[in-house]
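User: I'd like to learn how to read a fold like this one. Could you walk me through it, feature by feature?

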Amino acid sequence: MNRLKLLGTTTLALLTGLTPAFAQVAALGEPEGQVNIVAWPGYIERGESDKAFDWVTKFEQSSGCKVNVKTANTSDEMVALMNEGGFDLVTASGDASLRLVAGDRVQPINTDLIPSWKNVDERLQNAAWHTVDGVHYGVPYMWGPNVLMYNTDVFKEAPKSWSVVFEEQTLPDGKSNKGRVQAYDGPIHIADAAQYLMAHKPELGITNPYELNEDQYKASLDLLRGQRELVGRYWHDAMIQIDDFKNEGVVASGSWPFQVNLLKSEGQPVASTIPEEGATGWADTTMMHVDAKNPTCAYLWMEHTLSSNLQSDLAVWFGANPSVPAACTDGSGMSTKESCSANGMDDFDKIRFWTTPVSNCSQGEGACVPYYRWVSDYIGVIGGR
């Protein structure tokens, strides 16, 4: 069965059984008055950070649904919050979405209740991180690359390689990178190491940074153990990373365009690049909790995310790419064709999007290291083991 092969035996242990999946909501009712959302920082703005960026106020006024947001800094935190319950929606990345499907934490989406579904990028409509056996478990939200953010006072030219954060070296200012770089505080960072090794140790035979056999996985962990000697802080809070670049002497790190844009808006000496090895990335999906208490408001919000200025303005605010391509050119918000191109709209096929590692992979049944080991082993790496 395709679903079994896709999710893998470890993840599927969460399931009590497999039954045909159908959308729970057949028609919309009266708005319940609120919608509770777990979201990445910067994803749902009401003008509090910057008055120019507000895609919540008009929705609340027109729908009667108050938007309540709980920010989460990692995919693991999102999964934990959805497991606890009490939320209607989550903006899940690919390394969380299939776990939520397998754990019966999210419900299939009735796309007939989302009129603007037809406008979603065809590359995303049936993406594997939210579509299982032809069933949609979410609405595409935003996507983009994990970039290398760097201090332009130290690097007069953009670094050409991720080696500046993976290997000890003297930087252009004549000082070592030791203690001046950061790494992401999440097990999915193992994929960044694997991607680096794809370019620098081709003899390992890595073809997919999320599908690693034991030897490939060990090599990735070894690289990360070496990186541990360089890292001043493992970051997961975007605002703390911003402060570290401003006040703590951090000069290079994997990051999101969100931090880059905020720092640049403050006149800080930062820029970003995608080095020659390429980049991992995220394609986020709005998914609905299986026990959502406010389903009508949830569906109204999902439609709003596709039909309002949100896609266009969020793309500018976060430095990301809209899931509705027309948002780049239709004048609904701040995005332009040029700004979307700058955010990587044309680089979709070059990004290796986050996905949940499972044991059954293209290398064979049980050939790859599953995600639960990524979690425990990465904790060990951070702890110096």
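**Reading the fold**

Analyst: Start with how the chain meets itself: of the contacts in the protein chain between residues at least 6 apart in sequence, 73% join residues at least 24 apart. Keep in mind that this is a predicted model.

User: What radius of gyration does the protein chain have, and what would a compact globule have?

Analyst: The protein chain has 21 Å, which agrees with the value near 21 Å that a compact globule of 385 residues would have. Along its principal axes, the C-alpha trace spans about 65 × 50 × 35 Å. As for cover, 57% of the 385 residues count as buried. The chain exposes about 15700 Å², and carbon and sulfur atoms supply 49% of that.

User: How many helices and strands are there in the protein chain?

Analyst: There are 14 helices and 14 strands.

User: Let's take a sheet, then. In what order do the strands E7 to E11 sit in the open sheet?

Analyst: The general idea comes before the case. Strands of a sheet pair through backbone hydrogen bonds, either parallel or antiparallel. Here 5 strands form an open sheet in the order E9-E8-E10-E7-E11, with mixed pairing. At the edges are strand E9 (231–235) and strand E11 (270–273), each pairing on one side only. Direction ignored, neighbouring strands of this sheet are turned by 30° against each other on average.

User: How many bridges join E8 to E9, and do they run parallel or antiparallel?

Analyst: E8 (residues 181–184) and E9 run parallel, joined by 4 bridges. One you can look up in the view: valine 181 has valine 231 in E9 as its bridge partner.

User: Now a helix. Which residues of helix H9 are buried?

Analyst: Again, the general idea first. An α-helix has 3.6 residues a turn, so residues three or four places apart point the same way. In helix H9 (residues 238–247), the buried residues are Ala238, Gln241, Ile242, Asp244 and Phe245. They cover an arc of only 160° around the axis, so they sit on the same side of H9.

User: What do the buried residues of H9 pack against?

Analyst: Their partners are strand E7 (147–151), E8, E9, strand E10 (252–255), helix H10 (257–265) and E11.

User: Can we zoom in on one buried residue? Where is valine 164, and what is it in contact with?

Analyst: Valine 164 sits in helix H6 (residues 163–166). Its relative accessibility is 6%, so valine 164 counts as buried, the cut-off being under 20%. Leaving aside neighbours within four places in sequence, valine 164 is in contact with Leu148, Phe155, Pro159, Gln169, Leu171, Asn177, Val181 and Ala252. For a sense of distance, valine 164 and lysine 178 are 14 residues apart in sequence and 9.8 Å apart in space, C-alpha to C-alpha.

User: And the backbone angles? What is the phi of aspartate 104, and what is the phi of aspartate 133?

Analyst: Take them in turn. Aspartate 104 has a phi near 55°, a positive value in a residue other than glycine. You'll find aspartate 104 in the loop between helix H4 (94–102) and helix H5 (122–125). At 34% relative accessibility, aspartate 104 counts as partly exposed.

Aspartate 133 has a phi near 50°, again positive in a residue other than glycine. Look for aspartate 133 in the loop between strand E4 (131–132) and strand E5 (135–136). With 46% relative accessibility, aspartate 133 counts as partly exposed.

How values were computed. Residues numbered from 1 in each chain as written. Predicted model: local features only at pLDDT ≥ 70, side-chain atom pairs only at ≥ 80, totals over all residues. Heavy atoms only, no water. Pairing = 2+ DSSP bridges. Helix = DSSP H or I, 4+ residues; strand = E, 2+ residues; numbered from the N terminus. Axes fitted to C-alpha atoms, helices over the stretch in contact; angles between N-to-C directions. Rg over C-alpha atoms; globule rule 2.2 N^0.38 Å. Buried < 20%, exposed > 50% of the residue type's maximum accessible area, 1.4 Å probe, protein only. Contact = heavy atoms within 4.5 Å. Areas by Shrake-Rupley, 256 points an atom, 1.4 Å probe, with all protein chains shown as cover. Arc of directions from axis to C-beta.
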